[in-house]
Structure formats: C-alpha cells, structure tokens
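Biologist: Take me through this one term by term. I will ask what each label rests on.

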Amino acid sequence: MHSALQFELLAKCSVTKARAANLILPHGPVPLPIFMPVATQGSLKGLTPEQLEETGCRLCLNNTYHLGLKPGQETLDALGGAHKLQSWPHNLLTVVTNAESRFQMVSLLKLAQVTEDGVRFLSPHDGTPMLLTPEHSISLQNSIGSDIMMQLDDVIATTSPDLARIEEAMWRSIRWLDRCITAHKKPESQNLFCIIQGGLDLELRRICTEEMVARDTPGIAIGGLSGGEAKDAYCRVVDTCTGLLPDNKPRYVMGVGYPEDLVVSVALGADMFDCVWPTRTARFGNAVTSAGILNLRNAAYSEDFSSIEEGCTCICCKPLSEGGLGITRAYIYHLAAKETVGAHLLTMHNVHYQLSLMGRARQAIMDDAYPAFLKDFFRRLYDNDTSRVPTWVVDALRGVGVNILAW
Amino acid sequence: MSDPSGPERSPDPLRFTILAGSASTSGPRLGLLTHDARNTLETPHYIADTSRGVIPHITQDTFRRHTDVKGVYVALEDFVEKAPLKTPPIYLQPTTTSPSSTLRTFTALPDTTLSILAPRRLSPIPSPNPNSSSSLAICTSVGFSALSIATYISAAAPSLNPDILVAPADIPHGNPAPSLKRRVKMLDRTASWLTDLQRAKGRVGGDYAVFAAVLPLPVEAQRWYLDSLLDAVTDDGHGDGEGHALPAGLAIYDPSAIPALPQPLTHLPRLCLAPAHSPSQLLHSIALGADLTLAPFLSTATDAGIALTFTFPAPRGASPESKSDSESDSQQQQAEKHPLGTSLWNPTAHALSTAPLQAGCACYTCARHHRAYVHHLLAAGEMLAWTLVQVHNLACLEGFFRGVRGVLGGEGEGGIVDGGEGEGGMEGRVKGRFEEERARFEDWYEVEMPVSEGVRPRGRGYMGLGLGSADGGGRGRGKGKLNGGGKWKGGGLGMGMGMGKGGMRRL
C-alpha cells in the first residue's frame with residue numbers, strides 16, 4: 001500500500017537483532033530506535049510543546065479516542081488537525097486507544113463491548129456511548145492528521161486464558177485492518193500501521209504476522225503486550241514477530257516503557273516504543289535515572305543537593321553555568337506533590353532520560369557495540385551486582401547472543 | 001563611614017531614585033529601583049508572588065524564557081516545615097551565586113531577578129495561635145507552627161541573603177480591628193524586632209536591604225513607631241554605632257497610610273503588601289504612591305481559566321461591539337462596561353477560536369497558541385492549560401504596569417522626566433493625567449473578574465490545606481467541586497493532575 005514515510009536502515013548489530021535507522025515522516029526525520037512520550041489529550045502533562053521539543057522529542061503520541069471526545073472531530077476539522085490544535089510542528093502518532101486503557105475498560109469498568117462492527121465505549125466522562133468502528137477510527141485519525149495512525153484492533157488481555165477468544169480477536173484484527181486500509185483517505189500523507197495480535201501464543205502470532213506483512217502497511221506494530229504478562233513470555237512474542245518481519249519497515253512495540261524493557265526489546269529487533277509510565281511516575285515524584293528509580297518524595301532527598309542525575313543533559317539537571325536550571329533533588333523534594341511545577345520538572349527529566357537512552361543505544365548500534373552497551377546499562381542499573389539482573393533479561397539476551405552476566 | 005564594632009559597611013547594593021512625582025507629597029510617582037547585581041526595576045512595578053519558590057504553574061525555564069518578571073516575593077513559611085527540630089534544607093544549599101544566596105540557588109532563581117523574602121505569604125492563612133513577643137505564627141505545609149524572630153533574622157544572613165528582607169511585623173491576621181491594647185503590642189514588637197534585625201545586620205553583615213513594616217493601622221496610631229525609624233537619620237544617614245540604620249524601604253500593609261507618612265520616610269521605596277483583588281485596587285495603591293505591588297488576583301484568575309485582557313490606559317473610542325451597533329447611543333455605551341478578562345472555559349466563545357488570548361499580545365501563549373487549545377486543555381483537565389494562561393496573565397500585568405509608567409512618565413505629553421522645569425505645575429499635570437486615565441479605566445472596565453464556569457486545579461500544598469487563604473481566593477478542592485457543576489469530579493481531574501491520592505487512577 002501507499003506509504004508516506006521513508007525507512008533508512010543505517011546499521012544492524014552483528015550480535016543481537018538490534019537496528020539503527022532513520023524514519024523520515026511527513027513532519028521530519030526521527031532516529032530509531034526511539035521512545036515516544038504519550039500526550040494523550042494533546043499535551044504532555046504540563047509541558048509546553050517547546051519544552052517537549054527541548055527534551056529531544058520529535059514524535060509523540062496522541063490518543064484518537066480521547067481527542068475524538070475532546071475536542072471532538074468537528075473541532076479538529078475546523079482547526080485543521082491535531083498539529084494545529086497543539087501547535088506541534090513535529091510528528092504525531094495516534095493510537096486508537098492505548099492497550100492499557102482498553103484493558104482497564106474491559107476488565108475494570110465494563111465500558112467496552114466488542115462486536116464485528118467495532119468497539120462500543122461509554123465515555124468515562126459522561127457515559128455517552130461511542131461506537132468505534134475501523135472506519136470511524138480512521139476517519140478520526142484522518143481528521144487528526146497524525147503522521148502515523150494505528151489500525152483499530154481487537155485487544156485481549158494477554159493474561160486471558162480463553163485461547164479461542166484470543167484467536168477470534170486476532171482474525172478480527174486482520175479483517176479490521178482491511179477495513180481500515182479501505183477507509184483510509186490520506187495514504188499519501190498519513191502512514192497506517194497494522195498491529196499484530198495473537199496473545200502469547202507464538203503460533204497465532206506467526207499466522208498474524210504473515211497476514212499483516214502481506215498487507216504491506218508502511219510500518220508494523222506488535223500489540224496486545226505489556227498487559228501484565230510475564231516478561232519472558234513478552235520477550236518470546238517480540239522475538240518471534242521480529243524474526244518474521246521484513247528488514248525495511250519500522251517495528252513498533254506498543255505500551256512498553258521501562259528502561260530495561262526498552263534496551264532488551266531493541267536487542268530483540270524492535271525500533272519504536274511508547275509508554276505513559278515515565279511521565280506518570282514523574283507526577284508521583286519518581287525520577288528515572290541510570291541507577292534506577294529515585295522516589296524524590298522520600299525525606300532522604302530533602303538535603304540532597306545533587307542534580308537529579310549526575311551528568312544528565314536535561315534542562316533541569318544541567319548546571320546554570322551550562323545553560324541549565326541546576327535543579328537539585330532537594331528542591332524537587334520540596335515541591336513534590338505541593339506544586340505542579342515539581343511534576344513538570346521531573347516530567348522533562350524523565351522524558352529526556354528515555355529519549356537519550358534510545359539515542360545512546362542507537363549510537364552503540366552504529367558503532368556495533370550494542371552488547372557492550374547492554375552490559376554497561378545493566379551494570380549501572382544493578383550497581384555491579386549480577387545477582388540482581390532478572391532471569392528474563394538474562395534469558396532474552398542469551399537468546400540473541402549476549403551473556404549479560406559476563407561483565 | 002568606618003564602624004569599628006562591626007564588619008565594614010559597603011554601600012547598599014539597592015538604590016531608589018524618584019524620577020517623576022514628588023517625594024515630599026503623596027501621589028503616584030515614577031522611580032527606578034536599581035541593584036548592583038540585579039535587574040533595574042522601573043517603578044511602579046509588579047512583583048510576582050511565589051509558592052514554595054515558584055510562580056504557580058511556571059517552571060524555571062518558562063520563567064526565564066517567557067516571562068518578564070523582574071522581582072519575586074518569597075515567604076519563608078514555605079521552607080521551614082520541620083524547623084526548629086530540623087534545619088530547613090534551604091539553609092544548607094551550597095551556593096556559588098554572588099552575593100551568595102542559598103534562596104536563589106535552591107529555588108533556581110535567575111541571577112538577575114530581584115528576590116524579596118518575607119516571613120509569611122501575601123495572603124497568609126490565619127493561625128489559631130497568636131504571634132508571641134519573640135515569634136510569628138506561621139502556616140507550613142505540615143501545619144501551623146511558630147517562626148522565632150531570631151531564626152528569621154539569622155536565616156537572612158549569611159545563608160538566604162535575599163535582595164530585600166521584609167522586617168517581621170506583628171500583624172494579627174484574621175483580626176482586622178485589633179484592640180487598643182493589641183495595637184500597642186503590635187507597635188512594641190514590630191519596633192523591637194526591627195531593632196533586633198538592624199543590629200544583627202550590623203553585626204553579621206549581609207547584602208540584603210531591610211524594608212521596615214508600616215502596619216495596617218492609621219498612621220496616627222503608629223506615629224511613635226514610624227518616628228523611631230528616623231532616630232538613626234540624625235547621625236550620618238547610616239545610623240548609629242549600634243547598627244541602627246534607616247531602613248532601605250517600607251513594606252506597607254495598607255496603602256492608605258502612605259499620604260500620612262513622616263516626611264523623612266517618603267523618599268524610601270514602598271512595597272505594597274495589601275493583597276489587590278483587581279487592577280483597580282492596584283491603581284488605587286499606585287495613586288497613593290506605591291512603588292512595588294503584588295497582585296494575587298493574577299493567579300486566582302489563572303486558576304479559574306480566565307485570560308486577563310485589560311490594558312492601561314483603557315482603550316479609547318467605541319468598542320468593536322458598539323461600533324457594529326450603529327444606533328447605540330452614547331449613554332448606552334457608557335453604561336456598557338468591558339470585562340477584565342475572558343473565561344476560556346466558555347465553549348461557544350472559544351472552542352473553535354484560533355485567536356490569541358488577547359488581541360495584539362506578544363506573549364508566548366498568544367504567539368504560539370490559540371484559545372481553542374487552551375479551552376481544550378481546560379476541558380480535558382490538562383495542567384498545561386494553567387501554565388499557558390499564567391504566562392499570558394503575567395504578560396498582561398506587565399503591560400498594564402508599562403502603561404501606568406507611560407502615563408506617569410508623561411508619554412504623549414512631551415515627557416516629564418527630561419522636562420527639567422519640574423515644580424508643581426508639570427507634576428500636577430501628570431498626576432492629573434494619571435487620575436484621568438484611572439477614572440477612564442474604571443469607567444471602561446467592570447469591577448469584578450468575570451465568572452468562570454470551570455473547575456480550578458486541585459489545591460495542594462499551602463492551598464490544599466482546606467483552609468482557604470485569607471483573600472478567599474483559595475484553590476481548594478472543595479471550591480473546584482462547587483464550581484464544577486458535576487462535570488469533572490475529583491477523580492476525573494485527577495487524571496490530568498494526578499499527583500496526590502486521587503491521581504493514582506490509571507489512564
């Protein structure tokens with residue numbers, strides 16, 4: 001099918017399946033691998049688009065379902081799309097509903113009903129029903145004008161024991177992709193990505209991957225994951241899917257965001273990731289650093305006048321002498337949960353961390369030094385203690401030729 | 001000049017010059033507040049109110065990039081939760097600023113921004129405990145507490161070292177009409193605390209300038225206290241050997257005291273600490289001779305989703321609406337007042353509007369964004385809404401003060417500043433012009449802020465104590481619900497705001 005992107009594969013790791021590439025989208029190029037922060041409702045949790053830009057972000061997420069409710073399709077059409085709504089000159093990717101919210105709706109709120117027609121939601125705001133068909137989801141995304149749009153898929157929690165339902169959802173997702181492709185009005189300016197389903201069943205994933213690849217969308221997503229499944233099962237699915245995917249297309253694993261998940265998934269051959277976790281956890285006072293998560297609401301930090309992370313180049317951590325703000329852990333502690341500015345500062349740091357982590361991974365892949373990068377990453381994260389490296393990491397990396405314990 | 005009993009006194013880094021308007025008479029005046037290391041403030045000027053060291057919603061990088069704030073007001077009660085049991089971390093902050101100021105480093109305040117430290121917030125939450133002869137009742141984020149005067153004074157130097165230190169004043173917050181006995185106590189304590197402060201400064205040094213309190217009492221009632229401020233001047237203008245110096249400025253809690261101030265105090269810069277609830281109250285203070293003022297209505301408007309749109313001088317001629325209405329007679333025009341701002345919650349007015357928040361405004365929000373976005377962010381409960389509105393409102397207020405200074409500087413009158421011929425005639429004319437414009441402003445604009453249909457950001461910290469601030473502009477959760485019309489319950493807003501318990505909800 002028609003594509004509005006160019007994918008330039010720059011380097012492949014000679015040991016693992018990691019890849020470095022340039023993805024040239026309608027609103028500019030982005031480097032792969034990449035982490036994409038989630039601006040669900042058209043803003044990234046208190047950050048101005050300018051501040052988001054400054055973290056290095058050139059591709060962020062919006063949520064089709066949320067923007068469809070507010071500000072609504074009419075407004076989006078009148079304004080000329082979501083880029084204009086939020087004055088964001090860079091790329092946008094729209095998920096229809098992120099998997100996480102769908103699971104929540106399915107399992108907790110009983111708000112979603114799936115039929116062959118589509119998914120029926122009740123608005124969490126006022127209970128108004130909204131039928132999201134593949135056609136409607138595409139029409140909304142055409143109004144949004146996202147550079148990458150996602151197909152409507154039938155997501156089942158990977159933890160579901162109902163294999164028949166999982167298989168049904170997989171086949172339905174394929175049928176819905178066909179409907180999405182037909183409904184897509186702007187293939188020359190917007191890229192539609194398919195989403196591979198099939199739960200944790202590798203055979204279903206294989207079938208689905210084959211079907212999806214045959215439809216030749218500009219990019220390919222692996223969906224339905226990060227819904228609470230075991231990490232080793234997650235890794236097997238990603239590994240299986242990437243093994244069947246063509247080299248010349250971007251691969252997006254949806255809903256993934258912990259730093260260790262990112263670097264392992266890159267080793268397994270994935271290129272793109274999104275997650276609300278780094279920004280949400282910032283609002284709880286948690287800083288993401290290469291030594292792990294620091295909860296800056298802990299009184300231990302009240303007199304810690306070091307930067308959030310030593311050597312970090314985000315605007316908060318950089319010293320005044322280098323044009324940064326010189327924000328200290330003690331000051332974040334002082335603000336945490338009392339002034340939203342504290343959350344905004346940490347959000348900038350966390351997003352910057354994730355983006356720069358992917359930037360360093362990319363450089364390592366280009367230098368063909370990704371295994372060494374992985375070792376260094378886990379050594380810092382677990383303070384040189386090999387016994388703390390989780391088994392799933394050891395196994396997953398061993399599967400792609402890296403013995404992470406040998407540092 | 002030399003003072004054998006203390007460190008050598010360097011010339012005060014803070015200086016104030018009156019450019020237009022008279023030092024000897026009351027009335028509006030134009031001045032320059034200069035500081036060796038900071039921005040020069042043309043007065044009258046606006047000082048931004050902070051909460052825990054930040055202007056609400058404005059991160060330090062946004063502050064640098066998109067505001068023109070030249071001075072901030074910081075309350076020590078925001079930083080001393082566990083004192084005296086535990087030394088407040090802000091005292092311990094290593095610093096490399098010059099002059100060394102832990103306050104500046106801790107709060108990441110730019111080097112050029114003038115800092116003003118006071119014991120309490122501008123609209124302090126009244127404490128159930130009274131002040132004592134040696135301490136102020138304060139409200140910290142963990143509850144009511146007492147701040148000893150000795151602690152406040154010793155915090156000022158060498159650690160915090162603000163540019164301006166507001167001397168502690170014994171004001172019984174929540175009691176607007178203290179008894180005669182209480183008044184005597186207020187004066188006694190305020191005077192003796194000031195002496196303590198002056199002595200300490202003489203002993204320890206410190207680059208801060210002391211602003212002495214003018215209490216919210218009739219001037220006659222505090223005459224002897226105000227006269228006592230002058231005791232020192234009889235010497236050499238720098239005070240006696242005990243370090244008893246003339247204060248560098250006055251912190252005025254009720255601007256109506258200004259006209260009756262003793263003559264020798266009139267050349268001092270005046271920081272007005274009466275919380276202004278509207279621009280016309282600001283004009284009132286300025287008309288009496290305030291040089292620096294705070295405007296708590298700014299954040300109140302921001303939290304209500306109201307973009308301020310007033311200008312000074314008020315627009316001339318017919319408003320756009322009445323222009324199109326050709327048959328409107330002049331009387332009707334006069335009766336029709338204009339709003340001070342616009343509530344961005346209003347969907348019919350703003351949902352599709354790509355107009356800036358205020359026509360012709362050059363602030364970041366107006367230059368890069370439009371009303372439709374801010375309206376969407378408010379409706380979606382996204383925190384960025386309040387950031388964008390706050391950036392604009394700060395710019396609107398800066399413009400207002402620029403306008404005030406323009407009128408006082410005789411803009412469009414040939415200019416009084418360089419006029420030289422001075423004397424009553426010219427000054428009278430400027431004062432007259434200011435009064436004229438002030439009257440026109442009040443004719444043109446409504447008195448009250450427009451009503452907002454929406455909910456405010458969830459109260460947290462000082463405002464989240466559920467007590468409401470003294471000015472009634474609290475951003476409490478309760479208020480949000482009251483105004484919310486059931487559209488967004490606490491949890492719904494929590495999705496956007498999620499910092500506290502309610503924010504645990506997953507997206």
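Biologist: What area does chain B expose, and how do you know?

Modeller: Chain B exposes about 19400 Å², and 54% of that comes from carbon and sulfur atoms. Accessible areas are from the Shrake-Rupley method with a 1.4 Å probe, and for residues only the protein chains shown count as cover. This is a predicted model, where local features need pLDDT of at least 70 and side-chain atom pairs count only at pLDDT 80 or more, while totals for chains, interfaces and linings use all residues. Residues are numbered from 1 along each chain as its sequence is written, chains are lettered from A and ligands numbered from 1 in the order in which they are written, and side-chain values use heavy atoms, without hydrogens and water.

Biologist: Why is helix H13 of chain B called largely enclosed?

Modeller: Buried means under 20% relative accessible area, exposed over 50%, partly exposed in between (1.4 Å probe, protein chains only). In H13(B), residues 371-380, 10 of the 10 residues are buried, so the rest of the structure largely encloses the helix. Among them are B:Tyr373, B:His375, B:His376 and B:Leu378. For chain B as a whole, 61% of the 507 residues count as buried.

Biologist: What covers the buried residues of H13(B)?

Modeller: Both chains contribute. The cover includes H2 (64-79) and H3 (82-86) of chain A. From chain B it includes strand E16 (341-343), H11 (347-350) and H14 (384-408). Contact here means heavy atoms within 4.5 Å. Helices are DSSP runs (H or I, at least four residues), strands likewise (E, at least two), numbered from the N terminus. Chain B has 17 helices and 16 strands by that rule.

Biologist: What makes A:Glu53 and B:Arg368 a salt bridge?

Modeller: The rule asks for a side-chain nitrogen of Lys or Arg within 4 Å of a carboxyl oxygen of Asp or Glu. The closest N and O atoms of A:Glu53 and B:Arg368 are 3.7 Å apart, so the pair meets the cut-off. There are five salt bridges between chain A and chain B.

Biologist: How many residues does each chain bring to the contact, and what area is buried?

Modeller: Chain A brings 58 residues and chain B brings 60. Together they bury about 5100 Å², 56% of it on carbon and sulfur atoms. Buried area is the accessible area (1.4 Å probe) that two parts lose on being put together, summed over both.

Biologist: Why is A:Asp261 called buried or exposed, and what of its partner A:Lys231?

Modeller: A:Asp261 has a relative accessible area of 6%, so it is buried. A:Lys231 has 26%, so it is partly exposed. Their side chains meet in a salt bridge at 3.1 Å, N to O. A:Asp261 lies in H9(A) (259-267) and A:Lys231 in H8(A) (231-244), so the pair ties together parts 30 residues apart in sequence.

Biologist: How do you class B:Glu437 and B:Arg316, buried or exposed?

Modeller: B:Glu437 has 1% relative accessibility, so it counts as buried. B:Arg316, with 58%, is exposed. The two side chains form a salt bridge at 2.8 Å, N to O. B:Glu437 sits in H15(B) (423-444), B:Arg316 in the loop between E15 (306-308) and H9 (320-324) of chain B, 121 residues apart.

Biologist: What is the salt-bridge total over all chains, and which residues are linked in a network?

Modeller: The whole structure has 41 salt bridges. A:Glu116, A:Asp154, A:Arg165, A:Glu168, A:Arg172 and A:Arg175 form a network of them.
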